Protein chains: 2
Amino acid sequence: MGEVAFVFPVEEHNKLIAAVYQKRGYDADESAIAAKYCGMATWHGIKTHGGLKSLHLDEVIGSKVGGAVPKAKIKVLPSRFPAVEKWDAQKKLGQPVADAAMTRCCELADKYGVGMVAVDNAFHYLWGGGYVMEAAKKGYIAYTNCTAGLAEVVPFMGKKATIGTNPHSWGLPTTSAIGYPIVIDWATSAVAMGRVQQLAREGKQLPPNSAVDKDGNPTTDPKSVAALLPFGAHKGYGLGLLIEMYGAYIGGNLPSLRGKPQEGGPHKRTMSFFFQAIHPEALGVGTFKDRAEMEKNVANVLKDILCAGNEKCMLPGQVEAEAAKKSAKFGGLLFTENEIKEFKREFEEAGIHWDASGLKKVEL
Amino acid sequence: MGEVAFVFPVEEHNKLIAAVYQKRGYDADESAIAAKYCGMATWHGIKTHGGLKSLHLDEVIGSKVGGAVPKAKIKVLPSRFPAVEKWDAQKKLGQPVADAAMTRCCELADKYGVGMVAVDNAFHYLWGGGYVMEAAKKGYIAYTNCTAGLAEVVPFMGKKATIGTNPHSWGLPTTSAIGYPIVIDWATSAVAMGRVQQLAREGKQLPPNSAVDKDGNPTTDPKSVAALLPFGAHKGYGLGLLIEMYGAYIGGNLPSLRGKPQEGGPHKRTMSFFFQAIHPEALGVGTFKDRAEMEKNVANVLKDILCAGNEKCMLPGQVEAEAAKKSAKFGGLLFTENEIKEFKREFEEAGIHWDASGLKKVEL
């Protein structure tokens, strides 16, 4: 017998998540957008950035402690540069800020070929892959990065964590070529802190070169882990550092204090976001008679890369596309029994009665 | 006694390299720019992309075989997108194309906040780090990527090489903060093919997960290597794939045929380049009263990252900056005796007499 899951219909899930946000003071629009990305994450099999995580984050570092501000208005700052906008998010909820910024990048790309939005004073946007996936589905080459909430990563050759797990996310408009957008989306740490905790619970060891202990020495024992290492040695370090530097130019402050209100005086503690969209037709150098021909070339290149011998290769975004197919097949978001219980607890805590007994139970 | 080197004065070196290019049919301007980047690479300790490599590449895949076309004119194609230009390089020498494209990106960034140039039908530009370093020294956040000449890298989980060693290069305007620009510049393969050959000569083993043999199985024996693996498993694969996709949107063709005129019919064989510059003031979200304050924030962030415990950490670009100091100290480009002999052979082959006996010999 296969794994069992409960099917939470998307509309019902999103409505309930949004209701919890509204109970916490958020307005209907920002709540609906946050809920939409929670649903999208689960739909695409992203277990780590769904509704439970999103509501929990808001609880521990968000609206309950002043890290996120319900109904905050984004301030679009004056700029002499028409293709790049500067936004002060004023600690507005991360998902509606990210959604609006990515949408604005696409509008700017329609006009200039490329559009960028730099965001300071931001609250966690959770699943970067979701924003670039949406833009890629609309036909753009999309990119985002954000400084992570905490500095958990030790620079290459160092001993002290002073860099975030800083993720990069790229989305490519490959739907007509392969049926789904390529989404390259990962943190620049070798593993996630959540994975370390999971291995500790399971009594398993970490892969080598993933983490250090409190003295800054490499360890594979998850229980001794004090900080993470970058993936790919100096290369992953460079990619993590790059996002700290984007943050520094945008206006972010000391990474070692980010997310730690208890240390180091009156410094800023917020995250920074960066978004970018390129109109692919701005890149096509004269050889394509139209967009369809460009996309045929993209399909041919991908076919060539995954030629005979490479049948086992996956494209980035393929796992998400396959999870989405499974969600569609079962007609909703797939959760374990424990996750459903946790949702029930969250909703009840917000004073929302939810009868979960009607959820369909399926074998995956 | 330390290592011994010969000091080749920059001006003399660049003049002679340019003279060889001119003998091969290139005009004075393109020859001078190619020679400038050869000199810059050696000045910054980049042994792999100096004059000898540049002239050799032109010999084996460039002007002597039609891969590069002396005196070719760049065609700037019409576009409805003002911040992104499309260039058909018409196989012009890579360095002058890259230098002009990066310069144009900076001009566009002055106007729009960001500028991009997509280049198709390109010939090898060698040292991507050089172009972003120049732009970073002028004050821009610069980026370039290019598809590599050959598909030497196996996609993650695959057996057949269908992706180039595709390098990414970022340059950041950190000179006022730390004395030199941060330059993040590396190939997306775990090792370079040149390194494999070097280890084979020395009878040494490769690090694990660096390469595969002819059957696509992992190997650490440099003599059995048929293809390279991406660095950092699926993450490095994603970064290499990303550049193939930029190439595909720009107009490049099948990666497995690139650089192999003997296979697969009348397909295109050329490389594609992508360049980008961001004006940092387009990013600064209102918290900085001027550029100096922004740069102070950048300096503070870097100081925080390299705090107590992280004294041994290097910043990307630091090795290049230290090599440049050494070159300055000795008053020129530092070469081994064998390299000097190789230069003499190159110059003589081009009919240029060069008396190397006057070069200063120094102990490093």
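**Figure 1. A salt bridge between Glu202(B) and Lys204(B).** In this predicted model, the side chains of Glu202(B) and Lys204(B) come together in a salt bridge, with 3.4 Å from N to O. How accessible is Glu202(B)? Glu202(B) has a relative accessibility of 40% and counts as partly exposed. Its partner, Lys204(B), is partly exposed too, with a relative accessible area of 46%. As background, side chains of opposite charge can pair when their charged atoms come close.

**Figure 2. Glu281(B) and Arg291(B) at the start of helix H9 of chain B.** Here the view moves to another charged pair: Glu281(B) and Arg291(B) form a salt bridge through their side chains, at 2.9 Å from N to O. Glu281(B) sits in the loop between strand E11 (271-278) and helix H9 (291-305) of chain B, while Arg291(B) belongs to helix H9, so the bridge ties together parts that are 10 residues apart in sequence. Glu281(B) is partly exposed, its relative accessible area being 25%. Arg291(B), at 23% relative accessibility, also counts as partly exposed.

**Figure 3. Gly139(B) and its surroundings.** Arg291(B) appears again in this view, as one of the residues that Gly139(B) touches. Leaving aside residues up to four places away in sequence, the contacts of Gly139(B) are Pro173(B), Pro280(B) and Arg291(B). Gly139(B) is found in the loop between helix H5 (128-137) and strand E5 (141-146) of chain B. Is Gly139(B) buried or exposed? With a relative accessible area of 12%, Gly139(B) is buried, because buried means under 20%. For a sense of scale, Met40(B) is 99 residues from Gly139(B) in sequence, and their C-alpha atoms are 18 Å apart in space.

**Figure 4. Helix H5 of chain A under its cover.** Helix H5 (residues 128-137) of chain A is mostly covered, with eight of its 10 residues buried. Which residues of H5(A) are buried? They are Gly128(A), Gly129(A), Gly130(A), Tyr131(A), Val132(A), Met133(A), Ala135(A) and Ala136(A). The cover over these residues includes three helices of chain A to look for, H2 (28-43), H4 (94-112) and H10 (318-330). Strands E5 (141-146), E6 (167-172) and E7 (182-187) of chain A are also among the covering elements. Just after H5(A), Gly139(A) adopts a positive phi of about 110°.

**Figure 5. A salt bridge across the sequence, and a network in chain A.** Over all chains, a search of the whole structure finds 40 salt bridges. One to follow here is that of Glu346(B) with Arg24(B), whose side chains meet at 3.4 Å, N to O. Glu346(B) lies in helix H11 (residues 337-349) of chain B and Arg24(B) in the loop between helix H1 (10-23) and helix H2 (28-43), so this pair ties together parts that are 322 residues apart in sequence. Glu346(B) is buried at 3% relative accessibility, and Arg24(B) is buried at 16%. In chain A, a network of salt bridges links Arg24(A), Asp58(A), Glu59(A), Glu342(A), Arg345(A), Glu346(A) and Glu349(A).

**Figure 6. A nonpolar surface patch on chain A.** Which residues make the nonpolar patch of about 240 Å²? Val60(A), Ile61(A) and Val65(A) make this patch on the surface. Val65(A) is part of the loop between helix H3 (51-61) and strand E2 (75-77) of chain A. Val65(A) is exposed, with a relative accessible area of 55%.

**Figure 7. Cysteines without a disulfide.** The count of disulfides over all chains comes to zero. Cys307(A) is one cysteine to look at: its nearest cysteine sulfur, that of Cys313(A), is 8.5 Å away. Why does Cys307(B) form no bond with Cys313(B)? Their sulfurs are 8.5 Å apart, which is too far, because a disulfide needs the two sulfur atoms within 2.5 Å. Cys307(A) is buried with a relative accessible area of 16%, and Cys307(B) is buried at 17%.

**Figure 8. The two chains and their rotation axis.** Chain A superposes on chain B by a rotation of 180° with 0.0 Å of shift along the axis, at an RMSD of 0.0 Å. The two copies are therefore related as by a two-fold rotation axis. The same surface serves both copies, as 100% of the contact residues of chain A recur in chain B. Which residue of chain A comes closest to the rotation axis? Gly232(A) does, with its C-alpha at 2.3 Å.

Definitions and conventions: Residues are numbered from 1 along each chain as its sequence is written. Chains are lettered from A and ligands numbered from 1 in the order in which they are written. This is a predicted model: local features need pLDDT of at least 70, side-chain atom pairs count only at pLDDT 80 or more; totals for chains, interfaces and linings use all residues. Side-chain values use heavy atoms; hydrogens and water are left out. Patches are made of residues with over 30% relative accessible area and no salt bridge: like charges are joined within 9 Å, nonpolar side chains (Val, Leu, Ile, Met, Phe, Trp, Tyr) within 5 Å. Accessible areas come from the Shrake-Rupley method with a 1.4 Å probe; for residues, only the protein chains shown count as cover. A salt bridge is a side-chain nitrogen of Lys or Arg within 4 Å of a carboxyl oxygen of Asp or Glu. Helices (H or I, at least four residues) and strands (E, at least two) are DSSP runs, numbered from the N terminus. Buried means under 20% relative accessible area, exposed over 50%, partly exposed in between (1.4 Å probe, protein chains only). Contact means heavy atoms within 4.5 Å. Copies are superposed by least squares on the C-alpha atoms of residues with pLDDT of at least 70 in both.
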